[in-house]
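Reader: I would be grateful for a close look at one part of this structure, namely its largest pocket. How much space lies in the largest pocket, and which residues line it?

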Amino acid sequence: KFDRMTLGRWLGPSFDVGEALTYAILTPSAEVIHRSSVIPLSTEEKNSEEVKMLKRKYMESLDLKLGERAQGIVPRDDDNLFERKLEDEKIPFFETYEDDDDSMERET
């Protein structure tokens, strides 16, 4: 395999960095790097004990670096304060129809 390969978390595409098909990757030190060469783990690699250990170390490193922020966003009771209630609004829908004008048919 490659010498520079390391475990990271794929965050999605990088929109303003690099060429097309450049991706944002979260490193174990909680830094976001941008790479165009990203290789997913194979099923065999995912199931290997070595990779499982690397994943544990990766998450431990993130937990140390990020602390509580590593847990993600916790929903609050007032999160739905600005939620739109669709049942209160009239929702448009498309009504199908059939042409009744034969003038559009081609002559053969």
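Author: The model is predicted. In this model, the largest pocket holds about 1,000 Å³ of space. Rolling a probe the size of a water molecule over the atoms shows where empty space is left.

The lining of the largest pocket consists of 29 residues. Nearest the centre of the pocket lie M5, T6, L7, G8 and I39. Sorted by class, the lining has 16 nonpolar residues, eight charged residues and five polar ones.

Several elements contribute to this lining. At least two residues come from each of β1, β2, β3 (32-35), α1 (43-47) and α2 (49-66). Of these, α2 gives the largest share, with six residues.

Two of the strands just named, β1 and β2, also hold the partners of an aromatic pair. The count of such pairs comes to one. Its members are W10 and Y23, whose ring centres are 5.8 Å apart. The pair is classed as tilted because the ring planes stand at 50°, which falls between the limits of under 30 degrees for stacked and over 60 for edge-to-face. W10 belongs to strand β1 (residues 9-13), and Y23 belongs to strand β2 (residues 23-26). With their positions 13 residues apart in numbering, the pair links distant parts of the chain.

Both partners are partly exposed. The relative accessible area is 49% for W10 and 22% for Y23. These values count as partly exposed because buried means under 20% and exposed means over 50%.

How values were computed: Residues are numbered from 1 along each chain as its sequence is written. This is a predicted model: local features need pLDDT of at least 70, side-chain atom pairs count only at pLDDT 80 or more; totals for chains, interfaces and linings use all residues. Side-chain values use heavy atoms; hydrogens and water are left out. Rings of Phe, Tyr and Trp (its six-membered ring) pair if their centres lie within 6.5 Å; planes under 30 degrees apart count as stacked, over 60 as edge-to-face and the rest as tilted. Helices (H or I, at least four residues) and strands (E, at least two) are DSSP runs, numbered from the N terminus. Buried means under 20% relative accessible area, exposed over 50%, partly exposed in between (1.4 Å probe, protein chains only). On a 1 Å grid over the protein atoms alone, a cavity is a set of points where a 1.4 Å probe fits but cannot get out, and a pocket is an open set with protein on both sides within 12 Å along at least five of seven lines; lining residues have an atom within 4 Å of a point. Grid points are joined across faces, edges and corners, and a volume is the space filled by probe spheres set on the points. Ala, Val, Leu, Ile, Met, Phe, Trp, Tyr, Cys and Pro count as nonpolar, Asp, Glu, Lys and Arg as charged, and the others, Gly among them, as polar.
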